[in-house]
Amino acid sequence: MPIARVALPVAAATTFDYWVPEGLDVSPGRIVRVTLGARKVTGVVVAVGHDTSVAPEKLHPITDVLAVPPLPDDVLALAAFIASYYQETLGLALALAMPPTAGGGRRVRGAVVATWQLTPAGAQALPERVTRAPAARALFERFAHAERTLPASEAAALPPHQKRTLRAWREQGFVAGVPATDVGAAGMSHTLNDAQRIAVDEIAKADGTFTPFLLNGVTGSGKTDVYLAAAAPVFASGRQVLMLVPEINLTPQLVARVRHALPGLSVATLHSGLPAGERMAAWHAAAAGDAKLVLGTRLAVFAPMPALGLVVVDEEQDASYKQQDGVRYHARDAAVWRAHRRGVPVVLGSATPSLESWLHAREGRYRRLDLPVRADPRASPPRVALTPNRAARAQDGIGDRMREAIGARLARGEQSLVFVNRRGFAPSLVCASCRWEAQCPRCSARLTTHRDPPRLRCHHCGHAERVPAACPECGNVDLQPLGFGTQRLERALAAAFPAARIARVDRDTTQARHAFAAVRDQVGARTLDILVGTQMLAKGHDFPRLTLVCVLGADNALYSADFRATERLAALLMQVGGRAGRAGLPGEVIVQTDFPEHAAYAALVADDYGRFADALLAERQALELPPYTHAALLCADAHHRSDVDAFLAHAHAAGIALAADADPAVAVYSPVPALLARRAGLERGQIVVQSARRAALQRFLSAWRAALADIPGRRVRWALDVDPAGFG
Ligand code: ADP
Ligand code: ZN
Ligand code: ZN
């Protein structure tokens, strides 16, 4: 009787055996339904054999095999690597790779690989017809942008009445579905410059071998064109390209650029913001080899791709590639691993490479390709000015220099971006008389003041309460919001520039799926003058009339206890700065800071991230921090501090005992409270462990994890975080 070994998405560090009923096609990679106790669960077959240690009467059958293609070898291997490296169970790692609606398993034949295009007849007839039908006009306007096409993935997300309109137009011949076909290098929009050419040639030469590249290109240097030109021969030979991007918001814009450069190319987008049906269709298109470009966020690294020829990771330094809960994998590192396994080149692109990748390149493990100048010959690096923050505080956060600069842009019909890394009105509420501060009752954190509607909100746990009329400590009615958030700046700007058209972009304003795209369209159509927003605005948007970027509140990062805070600040500044003056108009960046001599600002002024990275690396080496050491974090939380402390004391003792034999050395640090010591009513603590050698740390972690599982104290939840984003 054949026995299948099945990995299930549960915390138990084991696989489960089931017998295979006659007629079921079961092989490694197949996705199956089984019973586990009273539950029905979906899992992945990892092996098929004839032996089992389970008693025959306890052996259950496989209930069903899903009608989806099996996970390919390299995806199974990637999941196994991730399970072992990040100290998680194979079942949980494999769950990341399962197709999105594996629960239902219904096969969806999607049109994701096609695009809707306005026909000449439609272009002629529709403008007239839609004038009195707002919904139809809105649909038509979506075609008016972006090369008169609408990706099918976006069409699938239209409201029902617009879908009906689209169908009617199709029947009338006003729009046509463009079938997915293979294309060659035709349609590239630019002649590549020398640096781009060299980069593309190097990548092409590496075809068919695992070669990691670090594409180090300043913002606006044309990295996207390099990706696409390097991908073209891969497409031309019928193979597939995997491209990871950090932001969901970036995918539509990038898809539009891809369509422009490589018309007719079949693209599948994969990100968690898509409805399951669309993701399923994209997954099938990837698995069948129909989708030539698979473009997506973190989870796309698991997409089945039978003809993978090239892997690209854009903005490789981006923190969103590291999953922060569950299986805490790093998608960039997973992408490099997968490229290695498949023997294909991998291109990591960034204007501000992570120190990890920078060090790999410096030590020759990655090949560095430099794009030192902006690609658009009319573009020049922005002028950078650092102006004091203190003076600005009395003026609602907007200093004189910034005010004048925005005024000048308004007068010239250019656009400004005001960037502040806090949403809400003000990051705190303080009593002017006794210094009482509004605190979250469930977290060790201050509450943020919001307006419209007025509320105090916790940005860590979501707690919300009324704004008190008087100080609960001393009764004073003079409660002052301190500091500046996006809402406050929006108001201040509206007061200073009453005629300006202002939009705010932060998590509060972009809940709706297309809200961000709508703002982007408005900026493109020049119906907006000033954008105020958080780091959502920092990345990858290309607005030719945007010539001024103002940065407020950046100094906060300098107070952070997180060892990566300065690296992040510099990356953010260079990125935000890169938004200014991308085309013919010169750009200007104004940063309000009280620490103008700090290295992060100096890097921005000198437009020299490399020097900054070298300096930071020297500091990390001196302090024995990553990437010179390999680190992991044991995080624990519980309702009572004493439970956390007791658990971590046990864990620490066990760790010290295990580390005694470790060679090379593994350092186990003392338990400490997390940076945010309490969150959502849970007390949090942690232990840092480090080793100069990855392998030594890995051996230690597997032994430690087994010991941790044996520690009594069920009221404590714990997790290991390998290569943590920070020690917080
Ligand atoms: P990055 O991703 O490196 O910040 P982009 O790929 O967004 O830069 O390119 C910046 C701008 O330069 C885009 O508008 C792009 O179309 C343009 N561009 C890219 N390559 C060239 C080139 N060789 N000549 C002219 N313009 C180019
Ligand atoms: Zn008070
Ligand atoms: Zn809270």
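Cys440 is buried, with a relative accessibility of 3%, where buried means under 20% relative accessible area, exposed over 50% and partly exposed in between, computed with a 1.4 Å probe on protein chains only. The model is predicted, so local features need pLDDT of at least 70 and side-chain atom pairs count only at pLDDT 80 or more, while totals for chains, interfaces and linings use all residues. Residues are numbered from 1 along each chain as its sequence is written, chains are lettered from A and ligands numbered from 1 in the order in which they are written, and side-chain values use heavy atoms, with hydrogens and water left out.

**Zinc sites**

Cys440 is one of the donors of the zinc ion (ligand 3), donors being N, O and S atoms within 2.8 Å of the metal (3.2 Å for Na, K and Ca), with water not among the atoms, so that sites may look incomplete. The two zinc ions are set out below.

| Zinc ion | Protein donors | Distances | Spacing |
|---|---|---|---|
| ligand 2 | Cys431 (SG), Cys434 (SG), Cys471 (SG), Cys474 (SG) | 2.2 to 2.4 Å | C-x2-C-x36-C-x2-C |
| ligand 3 | Cys440 (SG), Cys443 (SG), Cys458 (SG), Cys461 (SG) | 2.2 to 2.3 Å | C-x2-C-x14-C-x2-C |

Around the zinc ion (ligand 3) the four donor atoms subtend angles of 107 to 113°, and the arrangement is therefore tetrahedral, a term applied to four donors if all angles lie between 85 and 135 degrees. Cys440 sits in the loop between β18 and β19 and Cys461 in the loop between β20 (455-457) and β21, so this pair ties together parts that are 21 residues apart in sequence; here strands (E, at least two residues) and helices (H or I, at least four) are DSSP runs numbered from the N terminus. Cys461 is partly exposed, at 21% relative accessible area.

The zinc ion (ligand 2) is likewise tetrahedral, because its four donor atoms subtend angles of 104 to 113°. Its donors Cys434, in the loop between β18 (428-431) and β19 (448-450), and Cys474, in the loop between β21 (464-465) and β22 (479-482), tie together parts that are 40 residues apart in sequence. Cys434 is partly exposed at 34% relative accessibility, and Cys474 is partly exposed at 39%.

**Ligand 1**

Ligand 1 is surrounded by 18 residues, of which the closest are His190, Thr191, Gln196, Gly220 and Lys223, a residue being counted if one of its heavy atoms lies within 4 Å. Polar side-chain atoms of Gln196 and Lys223 lie 2.8 Å from a nitrogen atom and 2.9 Å from an oxygen atom of the ligand, respectively.

**Nonpolar cores**

The largest nonpolar core holds 114 residues, and those touching the most other members include Leu634, Phe647 and Trp704; such a core is a set of buried Ala, Val, Leu, Ile, Met, Phe, Trp, Tyr and Cys residues joined through side-chain atoms within 4.5 Å. Helix α1 (residues 73-85) gives the most to this core, with seven residues. Apart from it lies another core, of 32 residues, among them Val200 and Leu295.

**Glu683**

Glu683 lies in strand β30 (residues 682-691) and is buried, at 17% relative accessible area. The side chain of Glu683 makes a polar contact with that of Arg641 at 3.1 Å, such a contact being a pair of N or O atoms within 3.5 Å, where within protein one must be able to donate a hydrogen and the other to accept it, and residues adjacent in sequence count only if both atoms are side-chain atoms.

Notes. Four donors count as tetrahedral if all angles lie between 85 and 135 degrees; four count as square planar and six as octahedral if opposite donors are over 155 degrees apart and all others between 65 and 115; anything else is irregular.
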